[in-house]
Structures are given as structure tokens and as C-alpha cells.
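Student: I have a model open and I'd like to learn how to read its strands, helices and pockets. Can you take me through it?

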Amino acid sequence: MTPLNLENRLRAKLAERQAAHRYRTRRIVGSPQGAILQEGGRPLLNFCSNDYLGLANHPLVVAALRQGAAEWGAGSGASHLVNGHSAEHHALEEELAEFTGRERALLCSTGYMANIGVINALVGRGDRVLQDKLNHASLLDGGLLSGADFQRYRHNDMAHLLARLEKPGADQQLVVVDGVFSMDGDMADLPAIVEASRANNAWLMVDDAHGFGTLGTQGRGTTDYFGLNQTQVPVLIGTLGKAFGTFGAFVAGSETLIESLIQFSRTYIYTTALPPAVAAATRASLRLLRDAEEGRQHLQQLITQFRQGCDSLGLALMDSMSPIQPLIVGSDAKAMRMSARLAELGCWVSAIRPPTVPEGTARLRVTLTAAHNSEQVDKLLEALNDAASQAGDEEVLP
């Protein structure tokens with residue numbers, strides 16, 4: 001294919017996506033993360049952030065980042081296995097291991113790299129990876145890239161998972177699941193998945209990106225919420241860019257697991273370490289997260305208020321007790337119209353469309369945080385009621 005033909009092909013694909021109301025655009029934020037964001041010179045109530053505890057711009061986290069940069073500089077200089085593994089990184093790993101109740105923890109540069117790197121280090125040809133159909137793209141990509149027999153089971157369908165686990169022919173089986181599903185907001189049935197995995201001699205990997213900070217004792221996530229230990233969930237993944245309010249990710253598990261990842265996880269071995277200043281900021285946010293019980297209670301009150309408000313307005317939400325509260329609207333065009341109308345009314349709520357979610361389930365993904373207040377949730381409810389009545393059902397360009 002010539003360069004000109006490739007250019008034309010790309011233009012055609014872009015036009016196709018625009019016609020389907022699925023073209024993605026970036027909106028430029030002009031302020032730090034918080035309950036209110038500046039975008040295009042206007043203030044908008046922010047209902048699409050994963051900063052669940054409002055720590056991304058917390059004064060103590062910002063101060064720790066500044067002090068970390070003053071002590072360690074702006075970058076790490078190399079990978080962890082060359083000379084990029086600082087004392088600040090090491091201290092954070094020890095604190096995350098204690099926080100999760102695991103023997104050790106390992107820092108990764110992003111959640112995407114953590115998921116791909118862990119799956120590919122644990123399984124390969126001759127093995128089998130089983131994943132919930134609604135798992136995050138990074139988990140799905142990790143399974144596809146591993147070379148193992150990659151199979152998906154219906155969302156939270158334990159009978160379907162068991163049927164796949166009981167099939168012969170795999171040297172090793174790895175079950176992979178989100179603790180809290182990022183687009184639906186519901187939780188995995190972890191106790192049942194643990195039993196199914198143990199009965200079939202399979203390992204279990206849980207990505208708790210959206211559970212840490214909001215669920216469990218001191219925000220220890222879904223495994224703590226269900227009372228599950230390292231033996232029951234051998235591989236635990238967490239991201240630091242959501243409730244922790246900083247950046248990066250970690251894997252927690254046994255001494256053997258972590259040492260194996262250091263030796264065999266390519267996305268860990270061959271990438272530059274996080275800046276030590278980010279590790280310093282995360283150590284500060286971890287302390288705040290542990291002590292944020294009042295914030296977690298406030299967040300749950302806002303979730304209840306929002307769900308009750310939607311029910312009174314006749315707006316059907318998905319079954320979620322997490323800060324992720326999706327409102328299914330059906331068509332892509334309608335989701336775009338409602339999102340645009342919400343922005344006109346001062347609320348920033350993202351429209352999520354296929355292929356991120358299944359066909360016919362375009363939605364408004366509302367996320368609530370401890371930084372919001374009751375009055376702001378009331379304003380969102382009023383705006384949603386207006387947007388729903390204005391949107392209509394006809395297909396028009398967004």
C-alpha cells in the first residue's frame with residue numbers, strides 16, 4: 001500500500017466514525033482536577049473524573065510532589081532494573097504491600113502496562129486465560145497478546161465461567177476480572193469466582209482499579225470488602241491515578257509472584273520508572289486515603305442521593321453501589337446530544353459509546369466524588385432531567 005492510499009484509507013475510517021456518532025475529541029481542561037473544572041473559559045461541574053476521594057489536588061499531596069521533585073528531580077532516569085529504582089519507590093512498594101495485606105508489591109508505570117505485563121509473564125502457549133466479557137480493554141489486550149487460549153465468559157455468569165474452567169486441555173488456567181467494572185459500575189462476584197478458580201486449580205487475578213479507596217476497610221478495595229486474602233486472590237492489581245489521585249499502578253502478591261514479575265514481565269523490565277516525586281506524592285495520598293472514612297461515608301451518601309433522585313425522575317440507572325453511575329440512553333447520537341446539553345447547563349458528563357461499551361448501550365457515565373456536595377448533585381439531577389426531555393429519539397449529527 002502506497003503512502004497516499006494509506007492516507008485515503010485513514011480518512012475514510014475517520015469519516016465512517018464521524019457518521020456513526022463515535023468520533024472522539026479532546027476537551028482542554030484549564031484547571032486542576034476538582035469538583036469544578038475550567039473548560040473553554042467556563043466552569044463546569046465535573047461528573048466524569050475517577051478522582052473518587054478528591055486527592056489529585058489535595059494540598060498535602062501537591063506539597064509531597066513538590067518536595068519530592070526538590071529532592072529527587074523531575075525524572076527517574078532509567079528503568080527500575082538499571083538505576084531508576086529509588087528509595088522513594090521502594091518505600092511506597094513496602095507501604096502498598098502492607099496496605100493490601102500482601103507479602104510484596106511492585107510499582108508499574110501505568111495500569112495498562114501492569115495488566116499486559118502480568119498476564120504475559122504468567123501464561124503463554126498451552127495455557128488458558130478466562131475473562132469476564134466486560135473487563136477493561138487492558139485486561140482483554142493482555143489476554144490476546146499472551147499467546148494463551150483466550151476465552152471470555154458472560155458478565156458475572158458463574159455457570160458459564162465454570163463450564164469454561166472445566167474444559168480439559170490447558171496446562172495452567174488464569175481467571176482475570178475487574179473488581180469494579182469501569183463502565184457498568186457493578187462489582188464482580190469475587191467469592192464465587194474464588195471458589196470456581198480453586199475448584200479447577202486456576203489462579204485468580206483481580207484488577208481493583210475502581211475499588212481501591214472507595215470500598216473495604218480504610219479503602220482497601222473489593223478483596224477486603226469480601227474478606228479475601230492473598231491465597232484466594234494471588235494476583236491483585238491497583239492503579240494510582242484514580243482514588244489515589246496520582247499516577248502509575250502496582251501489583252501485590254507473594255514474594256514468588258513479585259520476583260517472577262521482576263524477571264519476566266517485559267512491560268516492567270523495559271520501561272522507565274515513575275518519577276520518584278510521583279512516588280513521594282503517592283505515599284502522601286496513601287496516608288490520606290487510609291484516613292478518609294468521613295469522605296467515603298460522604299461519597300456513599302451522594303451515591304444514594306443521586307440514585308434516589310434518578311428514580312424519582314424516572315431515569316433508570318444500572319445496578320451499581322460504586323461512584324460509577326451509568327445512565328443507559330441507547331443510541332450514540334442521543335448520548336452525544338444529552339452530554340452537550342448537560343455542558344450547556346454547567347455539568348460535564350461524558351458520553352460513552354461503542355466500541356467502549358456494547359452496541360445499543362451508549363450511556364452517560366456519571367462519576368461522583370467525595371469532593372462534590374449535595375447541592376451539586378441536585379444541580380446534576382435537574383440538568384439530567386432537562387437533557388433527557390430535550391434529547392428526543394431522532395438520529396441527528398452531534
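Student: Let's start with β1 and β2: in which sense do they pair, and over how many bridges?

Tutor: The general idea is that strands of a sheet pair through backbone hydrogen bonds, either parallel or antiparallel. In this predicted model, β1 and β2 take the antiparallel option, with four bridges between them. For a spot to look at, find Glu 39, which sits opposite Arg 42 in β2.

Student: What does the turn of that hairpin look like?

Tutor: There are two residues between the strands, and Gly 40 has a positive phi near 60 degrees.

Student: Which strands make up the sheet that β1 and β2 belong to?

Tutor: It's an open sheet of three strands, ordered β1-β2-β11, and its pairing is mixed. At the edges you find β1 (36–39) and β11 (347–348); each has a single partner strand, so one side of each lacks a neighbour in the sheet. The parallel part is β2 (residues 42–46) with β11, joined by two bridges. Look at Asn 46 there: its bridge partner in β11 is Trp 348.

Student: Where can I see a helix linking two parallel strands?

Tutor: Try β4 (residues 128–132) and β5 (residues 149–153), which run parallel and are joined by five bridges. One pair to click on is Val 129 with its bridge partner Phe 150 in β5. Put helix α6 (residues 137–145) together with β4 and β5 and you have a right-handed β-α-β unit.

Student: Which other strands should I look at?

Tutor: Go to β6 (residues 173–178), which runs parallel to β7 and is joined to it by five bridges. Val 175 stands opposite Leu 204 in β7. From β6 the chain goes through α8 to reach β7, and that β-α-β crossover is right-handed too. On to β8 (residues 235–239): this strand pairs with β7 in the parallel sense over three bridges. Val 206 has Leu 236 as its bridge partner in β8.

Student: Is β7 mostly covered or mostly open to solvent?

Tutor: Mostly covered, since buried means under 20% relative accessible area and four of the five residues of β7 are buried.

Student: Now helices. What length should α5 have, and what do its ends show?

Tutor: Count 1.5 Å a residue: the 12 residues of α5 (residues 111–122) should then span 16 Å. Its end C-alpha atoms lie 17 Å apart, which agrees. As for burial in α5, the buried residues are Gly 111, Ala 114, Asn 115, Ile 116, Gly 117, Val 118 and Ile 119.

Student: What about Ala 281: buried or exposed?

Tutor: Ala 281 belongs to helix α12 (residues 276–290). Its relative accessible area is 3%, so Ala 281 is buried. Here's a distance to try in your viewer: Ala 281 and Thr 271 are 10 residues apart in sequence, and their C-alpha atoms are 21 Å apart in space.

Student: Last topic, pockets. How much space is in the largest pocket?

Tutor: The general idea is that rolling a probe the size of a water molecule over the atoms shows where empty space is left. Here the largest pocket holds about 1300 Å³. It has 49 lining residues, and those closest to its centre are Met 183, Ser 350, Ile 352, Thr 356 and Arg 365. Two or more lining residues come from each of α5, α6, α14 (332–344), β12 (350–352) and β13 (362–367). By class, the lining has 20 nonpolar, 16 polar and 13 charged residues.

Student: And what volume does the second largest pocket have?

Tutor: About 160 Å³. Its lining includes Val 194, Ser 197, Arg 198, Trp 203, Leu 204 and Ser 254. Both α8 (190–199) and β7 (203–207) supply at least two lining residues each, and α8 gives the largest share, three residues. The classes there are five nonpolar, six polar and one charged.

Definitions and conventions
Residues numbered from 1 in each chain as written. Predicted model: local features only at pLDDT ≥ 70, side-chain atom pairs only at ≥ 80, totals over all residues. Heavy atoms only, no water. Pairing = 2+ DSSP bridges. Right-handed = clockwise from strand over helix to strand, strands pointing away. Expected span 1.5 Å × (residues − 1). Buried < 20%, exposed > 50% of the residue type's maximum accessible area, 1.4 Å probe, protein only. 1 Å grid on protein atoms, 1.4 Å probe; cavity = no way out; pocket = protein on both sides within 12 Å on 5 of 7 lines; lining within 4 Å. Points joined across faces, edges and corners; volume = space filled by probe spheres on them. Nonpolar A, V, L, I, M, F, W, Y, C, P; charged D, E, K, R; others polar.
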